[in-house]
Amino acid sequence: MLRKATTAFSKITLKKNEFLVREGGICPYFCFIESGILQHAIEISGNEVTTYLALRHTFTSSLSSFLFRKPSRKSIKAIADCTLYVADLKTFKDLIENNAAFHQCYYNLIEKQICLIDDYRIDLLTMTPEERYTKLLQSEPKLLQEVPLHYLSSFLGISDRHMSRIRKNIK
């Protein structure tokens with residue numbers, strides 16, 4: 001049944017620096033990333049702040065914009081060329097309502113994301129920048145190879161200069 005759901009998705013590509021959605025726009029798709037990396041970012045006082053990095057073989061969207069057709073509070077941009085499988089809202093709702101395997105997959109995804117967001121927020125409040133970097137190094141080593149450093153430092157809430165010092169001291 002999940003195989004049937006995958007045929008409902010359409011394939012699109014985004015080139016590096018192309019947007020899936022810009023802040024203030026309506027997110028058109030729920031996506032599965034076959035290849036590439038999508039950066040979720042917001043602008044604060046003229047500075048771009050990375051809030052999430054969606055990697056290969058994960059699902060992503062500006063979910064409240066996508067589901068409720070309201071302006072996105074963030075931008076989602078390709079930071080590498082991307083191949084995506086996407087579903088529009090009508091297709092997505094049809095899959096949720098009529099495909100039990102997809103519904104369960106989506107439920108599991110949302111449950112996992114809520115836990116990750118909770119851990120991330122607690123880490124920002126309780127861990128030093130060095131501890132956050134070390135945790136990322138241990139849990140997601142491929143990020144350090146695939147994602148430019150300035151996106152990682154923004155995601156971890158660390159200045160670029162401080163991140164360079166941390167990387168030099170932690171090998």
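**Entry 1: helix α3**

I started on one side of α3, where Lys-90, Glu-97 and Asn-98 are exposed. I note here that this is a predicted model. Next I looked for the buried residues of α3 and found Leu-89, Phe-92, Leu-95 and Ile-96. Why do I say that they line one face of the helix? Seen down the axis of α3, the buried residues fall within an arc of 130°, so one face holds them.

I then picked out Glu-97, which sits in helix α3. Is Glu-97 buried or exposed? Its relative accessible area is 65%, and exposed means over 50%, so Glu-97 counts as exposed. I also checked a distance from this residue. Glu-97 and Leu-143 are 46 residues apart along the chain, and 35 Å separates their C-alpha atoms.

**Entry 2: the cores**

I turned to the nonpolar residues inside. In soluble globular proteins, nonpolar side chains tend to be buried together. Which residues touch the most other members of the largest nonpolar core? I listed Leu-14, Leu-20, Phe-30, Leu-38, Leu-84, Phe-92 and Phe-102, out of 25 residues in that core. I then asked which elements give two or more residues to this core. They are the strands β2 (19–21), β3 (30–35), β7 (75–78) and β8 (82–87), with the helices α3 (89–98) and α4 (100–126). There is also a second, separate core, and it has 15 residues. Among them I noted Ile-79, Leu-143, Val-147 and Leu-152.

Phe-92 links my first two entries. It is one of the buried residues of α3, and it is on the list for the largest core.

**Entry 3: the sheet**

I traced an open sheet of 4 strands. The order is β1-β8-β3-β6, and the pairing is antiparallel. Which strands are at the edges? They are β1 (10–14) and β6, since each pairs on one side only.

I followed β3 to its partners. With β8, β3 makes 5 bridges in the antiparallel sense. One pair I looked up there is Ser-35 with its bridge partner Thr-83 in β8. With strand β6 (residues 59–60), β3 makes 2 bridges, again antiparallel. On that side, Cys-31 has Thr-60 in β6 as its bridge partner. Phe-32 stands opposite Phe-59 in β6.

**Entry 4: the largest pocket**

I looked for open space next. Rolling a probe the size of a water molecule over the atoms shows where empty space is left. The largest pocket holds about 1500 Å³ of space. Which of its 42 lining residues are closest to the centre? I found Thr-51, Tyr-52, Gln-113, Leu-116 and Ile-117.

I then asked which element gives the largest share of the lining. It is α4, with 12 residues. I sorted the lining by kind as well: 20 residues are nonpolar, 11 are polar and 11 are charged. Helix α4 came up earlier too, among the elements that give two or more residues to the largest core.

**Entry 5: Lys-168**

My last stop was Lys-168, in helix α8 (residues 160–169). Its relative accessibility is 65%, and the cut-off for exposed is over 50%, so Lys-168 counts as exposed. I compared its place with that of Lys-142. The two are 26 residues apart in sequence and 18 Å apart in space, C-alpha to C-alpha.

Conventions
Residues numbered from 1 in each chain as written. Predicted model: local features only at pLDDT ≥ 70, side-chain atom pairs only at ≥ 80, totals over all residues. Heavy atoms only, no water. Core = buried A, V, L, I, M, F, W, Y, C linked by side-chain atoms within 4.5 Å. Buried < 20%, exposed > 50% of the residue type's maximum accessible area, 1.4 Å probe, protein only. 1 Å grid on protein atoms, 1.4 Å probe; cavity = no way out; pocket = protein on both sides within 12 Å on 5 of 7 lines; lining within 4 Å. Points joined across faces, edges and corners; volume = space filled by probe spheres on them. Nonpolar A, V, L, I, M, F, W, Y, C, P; charged D, E, K, R; others polar. Arc of directions from axis to C-beta. Pairing = 2+ DSSP bridges.
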